[in-house]
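Visitor: I am new to this structure and should be grateful for a guided account of it. May we proceed by question and answer?

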Amino acid sequence: MKKIFLALILFAAIVTTGIFTRAQKIDDIADIVEGSKILVLNYHQVDNKNNPLAVHVADFEAQMKYLADSGCVTITPDELYAGLNGEIDLPEKPVLITFDDGYIDNYTNAFPILKKYGLRATIFIIPAFTSNNPAYMTWDQLKEMESAGITVESHTMTHPKLEELPDDEIRSELLNSKTLLEENLGHPIEFLAYPTGTYNLHIAGIAQDVGYKGAFTIKYGIVDRGSNFFALERVPIFNTAQKTMRDFYERTAWRQSFEEFGWTKR
Ligand SMILES: [Zn+2]
């Protein structure tokens, strides 16, 4: 019993030391995103609210400045897909910046900062709320953003817990959102972010069946050639108000550490 206890302590110490060493070592995001590894960041709200999903505006700006100063190149989901398939060469430090839900602050607060630093981003939209709910963006705002380097994709029609729905409703959530976004924005919608991040093979199969090429989860990790196109990993960035950049570094660094310790993928 004692031996097991000691082994556990030793294991915990190794893991903890590893993580902190790694987190402290990383002072250049180039250490994180190289070659075919793609860092996918996941934001929700950019606002000075103290809710768990919000990143304060000044923190968001510091993070975007950091990405730009580090020479990161922001890519689209299409480029991620083509890069992983070997159809195109990805830039040296590819980063995909994503937002879920389509809150109005993405337009009022995040968009000017993204433009200022020449960064692209992808927003996963709930089209039932578009032009329908003042907390979310309008079709005109989405079109304006798309003309300036932002990509809009689907986050389902009404943001349900997909795993609790019968198949026909899962299918209509996935297909109707895709169709409505395509009609309003005039381009194919081929990528999805699972609402609440939950997914399973069955849901992924329906997504593929209705015409999506890939789907993003909230599974903490980095995307690389070992990733499943329908279970793409992301690094969540939220509520960084207390620790600002330190927190941002650590989240991107820990993600790498998890993989080094084999807590990864599938
Ligand atoms: Zn969501």
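Visitor: Which residue that follows α7 has a positive phi?
Guide: The model under discussion is a predicted one. In it, helix α7 covers residues 201-209. The residue with positive phi that follows α7 has a value near 115°, and this residue is G211.

Visitor: Which residues of α7 are buried, and why do they lie on the same side?
Guide: In α7, the buried residues include A204. Together with the other buried residues, A204 falls within an arc of only 100° around the axis, so they share one side of α7. On the other side, L201, H202, G205 and D209 are exposed. The buried residues asked for are I203, A204 and A207.

Visitor: Against which elements do the buried residues of α7 pack?
Guide: One of these elements is a helix, α6, which spans 167-185. The others are β8, at 191-193, and β9, at 214-220. The elements are therefore α6, β8 and β9.

Visitor: How many residues does the largest nonpolar core have, and which have the most contacts inside it?
Guide: The largest nonpolar core has 61 residues. A207, a buried residue of α7, is among those with the most contacts inside this core. The full list of those with the most contacts is V40, L41, L192, A207 and A215.

Visitor: Which residues is A215 in contact with, leaving aside its neighbours within four places in sequence?
Guide: Two of the contacts of A215, A204 and A207, are buried residues of α7. A215 also touches F191, L192, A193, Y194 and Y199. The contacts of A215 are completed by F230 and L232.

Visitor: Is L232 buried or exposed?
Guide: L232 is found in strand β10, and its C-alpha atom is 6.1 Å from that of A215, although the two are 17 residues apart in sequence. Beyond four places in sequence, L232 touches V40, G214, A215, F216, T217, V223 and S227. Because 26 other C-beta atoms lie within 10 Å of L232, the residue is buried.

Visitor: How many residues of β1 are buried, and which way do they point?
Guide: Strand β1 covers residues 39-43. L39, L41 and Y43 point one way from β1, while V40 and N42 point the other way. In a regular strand, side chains alternate between the two faces of the sheet. The residues on both sides of β1 are buried, and the number is five of five.

Visitor: Which residues stand opposite L41 in β5 and β10?
Guide: β1 pairs with β5 in the parallel sense over five bridges. β1 also pairs in the parallel sense with β10, residues 232-236, over two bridges. The partner of L41 in β5 is I97, and in β10 L41 stands opposite V235.

Visitor: Why is β5 described as largely enclosed by the rest of the structure?
Guide: β5 runs over residues 94-101. Because the buried residues of β5 number eight of eight, the strand is largely enclosed by the rest of the structure.

Visitor: With which residue does D100 of β5 stand opposite in β6, and what is the handedness of the crossover between these strands?
Guide: β5 and β6, residues 121-125, pair in the parallel sense over four bridges. D100 stands opposite F124 in β6. From β5 the chain passes through helix α4, residues 104-116, to β6, and this β-α-β crossover is right-handed.

Visitor: In which sense do β4 and β5 pair, and which residue is the bridge partner of V73?
Guide: β4, residues 73-74, pairs with β5 in the parallel sense over two bridges. In β5, the bridge partner of V73 is P94.

Visitor: Where is T130 placed, and how many C-beta neighbours does it have inside 10 Å?
Guide: T130 is in the loop between β6 and α5. Among the contacts of T130 beyond four places in sequence are G102, I125 and W139. T130 counts as buried because its C-beta neighbours inside 10 Å number 20.

Visitor: How many helices and strands does the protein chain have?
Guide: The chain has 266 residues, of which 40% count as buried. Its secondary structure comes to eight helices and ten strands.

Note on methods: Residues numbered from 1 in each chain as written. Predicted model: local features only at pLDDT ≥ 70, side-chain atom pairs only at ≥ 80, totals over all residues. Buried ≥ 20, exposed ≤ 12 C-beta atoms within 10 Å, placed from the backbone. Pairing = 2+ DSSP bridges. Right-handed = clockwise from strand over helix to strand, strands pointing away. Arc of directions from axis to C-beta. Contact = placed C-beta atoms within 7 Å. Core = buried A, V, L, I, M, F, W, Y, C linked by C-beta atoms within 7 Å.
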